[in-house]
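Me: Hey, I've got a new structure to look at. Can you walk me through it?
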Amino acid sequence: MNDTLPPCPECSGTYTYEMGALLVCPECGHEWSTAPSAAPAGEPGEKVIKDAVGNVLQDGDTVTVVKALKVKGSPSGIKAGTKVRNIKLVDGVDGHDIDCRIEGFGSMQLKSSVVKKA
């Protein structure tokens with residue numbers, strides 16, 4: 001019996017042992033990982049970015065602007081309905097989490113709250 005290993009989560013047996021990266025209970029045969037349970041859900045520290053309607057965004061997606069946006073130095077701004085292709089998710093400034101290139105405007109950053117997945 002090893003006091004440093006946790007008891008079995010299934011039957012609370014105390015005779016658990018290590019077998020490679022797994023812990024094994026000889027009493028009920030249950031096997032489990034020693035890694036934290038949050039790891040399989042996604043990479044540690046991975047931030048999920050969602051659009052205005054709740055769809056999860058990924059690098060390379062095409063999105064549509066849902067409301068007109070003012071752009072400094074431009075008299076017209078970006079109109080609602082403008083398609084933006086091949087976005088890149090970034091950890092930007094002031095909530096701007098999408099890096100993209102918009103025709104007629106060039107490279108810029110957008111907030112995910114003003115776009116929806118196309």
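Reply: Sure. One term up front: "buried" means under 20% relative accessible area, "exposed" means over 50%, and partly exposed is in between (1.4 Å probe, protein chains only). This is a predicted model, where local features need pLDDT of at least 70, side-chain atom pairs count only at pLDDT 80 or more, and totals for chains, interfaces and linings use all residues. Residues are numbered from 1 along each chain as its sequence is written, and side-chain values use heavy atoms, with hydrogens and water left out.

Me: What share of the residues in the protein chain is buried?
Reply: 26% of the 118 residues are buried.

Me: And how much area does the chain expose?
Reply: About 8,200 Å² (Shrake-Rupley method, 1.4 Å probe). Carbon and sulfur atoms supply 49% of that.

Me: New topic: how many helices and strands are there?
Reply: The protein chain has 0 helices and 9 strands. Those are DSSP runs numbered from the N terminus: helices are H or I with at least four residues, strands E with at least two.

Me: What's the order in the open sheet of 3 strands?
Reply: β1-β2-β3, with antiparallel pairing; two strands pair if DSSP finds at least two bridges between them. At the edges sit β1 (17-19) and β3 (31-33), each pairing on one side only.

Me: How many bridges link β1 and β2?
Reply: β1 pairs with β2 (residues 22-24) over 3 bridges, in the antiparallel sense.

Me: Which residue in β2 is the bridge partner of Glu18?
Reply: That's Leu23.

Me: Last one: what share of contacts joins residues at least 24 apart?
Reply: Among contacts (heavy atoms within 4.5 Å) between residues at least 6 apart in sequence, 35% do.
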